Amino acid sequence: MLLTCTSTHLTKGMGNQVEKLTHLSYKEVPTTDPTGMDKDDGPRIGVSYIFSNDDDDVEPQQDSVVSDLSREHPSSQPYDPQLHEVECSIYYRDECIYQKSFSGNDEVDGSGHLATYTPENLLNKCKPGDLVEFVCQSQYPHWVVYVGDFQVVHLQRLEIVNSFLTDASQGRRGRIANQLYHYKPLSPATVVQNALDQVGCKDQDLSWRNSECFAAWCRYGKREFKIGGELRIGKQPYRLQIRLGVKRSHTLEFQSLEDLIMEKRRNDQIGKAAVIQELSSHLQAAEAEDDDDDNEAGAQTVAE
C-alpha cells in the first residue's frame with residue numbers, strides 16, 4: 001500500500017536523519033500491537049508524519065458534494081457508520097487514549113454513541129462544550145465545538161469561525177463525539193471560552209492542522225493537539241491500531257499525536273473498504289516476501 005501525498009508534504013524521521021518522501025510503502029511501517037492482536041510479523045520501523053494543513057479545512061470538495069446531491073440533502077442520504085467507518089484505537093505507550101468501536105454500540109435504535117443524526121436533531125442533543133463530528137462518505141470528518149444558542153466554533157478553510165450548527169454541517173449527518181477521546185475534559189465553560197477566544201485566528205497564526213485537532217484542544221486543553229506540540233526525537237510512543245477483523249488488526253507507530261490524527265483522518269476519508277484492501281494487499285505482499293526469503297535461506301543451507 002502507498003500513502004500518497006499531493007499538496008501536502010510528508011517526511012520520515014529516522015534518528016537524526018530526515019528524508020523527504022512523496023510516498024511511503026506500508027511495508028516500511030511498524031506493525032507493533034500493544035494488545036497482542038496483530039498477526040503481522042513484518043518489519044517494525046518507527047515512522048512519523050508531518051503534513052501541511054488537512055484538506056478537510058480547505059474544503060473545496062464540500063461544495064461539489066452538495067452540488068452533486070442537490071436533488072437530495074446529504075444528511076438524508078443512506079449512511080451506515082459500520083459500513084463506511086474504520087474501527088480503530090489510539091495508544092500512548094500502553095494507555096488507550098481514543099477508541100472508535102462498534103462493539104456494544106447499539107446502532108439499531110440509535111442510542112449508541114456512534115449513531116448519527118441530522119443537524120436539526122443534533123440541536124436537541126447538544127450542550128455547550130460538546131464536540132460534534134460531522135461525517136459523510138468519501139469526505140474528511142469535520143469537528144466543531146458547540147458553544148450554545150445553536151452555534152458552533154470550528155476550523156474551516158484555514159480560519160477559526162463562529163457558525164450556526166446547521167450551516168457548519170453543510171448537510172452532513174453528525175454525532176456528539178465526547179466519548180471518542182479518553183482524556184479528562186475541561187469544564188464546559190472553559191471549553192466554550194477556549195473556542196470563542198480563537199475566533200478570527202487564521203492562516204499562519206493557526207496552531208492546528210485540522211478541525212479535529214482544534215476541537216479536541218478546546219475540550220481537553222492538551223498541547224499534543226497543536227502543531228509542533230511534541231518534540232520528535234526518534235521515538236514512536238503513539239500507536240494507531242486499525243481493526244481488520246474480529247481477531248486481526250494492523251498497527252502503525254507515530255512520533256506525535258497530530259501526525260497520527262492525520263493518518264486516522266485519511267483512513268476516514270477513503271473509507272473502511274479501501275483501508276482494508278490497502279492493508280490486506282500489504283500483508284499478503286509481506287507474507288509472500290517472507291516465504292521467498294525462507295526458501296532462499298533454505299536453498300542456501302542445502303547448498304552449503
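**Cavities**

I searched the whole structure, a predicted model, for cavities and found 2 of 30 Å³ or more. The largest has a volume of about 90 Å³. I listed its lining: Tyr 79, His 84, Glu 85, Lys 100, Val 135, Cys 136, Gln 137, Ser 138, Gln 139, Pro 141, Asp 268 and Gly 271. By class I get 4 nonpolar, 5 polar and 3 charged residues for this lining.

I then turned to the second largest cavity, which holds about 40 Å³ of space. Its lining consists of Glu 85, Val 86, Glu 87, Ile 242, Arg 243, Lys 272, Val 275 and Ile 276. Two or more of these residues come from each of β12 (238–243) and α8 (272–303). I noted that α8 contributes the most, with 3 residues. The classes here are 4 nonpolar and 4 charged, with no polar residue. Glu 85 is in the lining of the largest cavity and also in that of the second largest.

**Second largest pocket**

I looked up the second largest pocket next and noted a volume of about 250 Å³. It is lined by 14 residues, and those closest to its centre are Tyr 92, Arg 93, Glu 230, Pro 237 and Tyr 238. I sorted the lining into 7 nonpolar, 1 polar and 6 charged residues.

**Aromatic pairs**

Two of the central pocket residues are tyrosines, Tyr 92 and Tyr 238, and I checked how their rings stand to each other. I count 10 aromatic pairs in the structure. Tyr 92 and Tyr 238 form one of them, a tilted pair with 4.9 Å centre to centre and 50 degrees between the planes. The pair links distant parts of the chain: Tyr 92 belongs to strand β5 (residues 88–92) and Tyr 238 to strand β12, 146 residues apart.

**Sheet with β5 and β12**

I followed β5 and β12 into their sheet. This sheet is open, has 4 strands in the order β6-β5-β12-β13, and its pairing is antiparallel. At the edges I find β6 (95–100) and β13 (249–254), each of which pairs on one side only. Neighbouring strands are turned by 20 degrees against each other on average, direction ignored.

I looked at the contact of β5 with β6 in detail: 5 bridges join these antiparallel strands. Ile 90 has Tyr 98 in β6 as its bridge partner. I also checked which helix covers the sheet. Helix α7 (residues 257–270) lies across β5, β6, β12 and β13 and runs at about 15 degrees to β12. Asp 268, from the lining of the largest cavity, falls within the residue range of α7.

**Sheet of 5 strands**

I noted another open sheet, with 5 strands in the order β10-β9-β8-β7-β11 and antiparallel pairing. Its edge strands are β10 (159–164) and β11 (173–176), and each pairs on one side only. The average turn between neighbouring strands is 30 degrees, direction ignored.

Inside this sheet I looked up β8 (residues 142–148) and β9 (residues 151–156), which run antiparallel and are joined by 3 bridges. Tyr 146 stands opposite Val 152 in β9. Helix α6 (residues 211–220) packs on the sheet and touches β7 (131–135), β8, β9 and β10. I noted an angle of about 35 degrees between the direction of α6 and that of β8. Val 135, another lining residue of the largest cavity, lies in the range of β7.

How values were computed. Residues are numbered from 1 along each chain as its sequence is written. This is a predicted model: local features need pLDDT of at least 70, side-chain atom pairs count only at pLDDT 80 or more; totals for chains, interfaces and linings use all residues. Side-chain values use heavy atoms; hydrogens and water are left out. On a 1 Å grid over the protein atoms alone, a cavity is a set of points where a 1.4 Å probe fits but cannot get out, and a pocket is an open set with protein on both sides within 12 Å along at least five of seven lines; lining residues have an atom within 4 Å of a point. Grid points are joined across faces, edges and corners, and a volume is the space filled by probe spheres set on the points. Ala, Val, Leu, Ile, Met, Phe, Trp, Tyr, Cys and Pro count as nonpolar, Asp, Glu, Lys and Arg as charged, and the others, Gly among them, as polar. Two strands pair if DSSP finds at least two bridges between them. Axes are lines fitted to C-alpha atoms, for helices over the stretch in contact, and angles run from 0 to 180 degrees between N-to-C directions. Contact means heavy atoms within 4.5 Å. Rings of Phe, Tyr and Trp (its six-membered ring) pair if their centres lie within 6.5 Å; planes under 30 degrees apart count as stacked, over 60 as edge-to-face and the rest as tilted.
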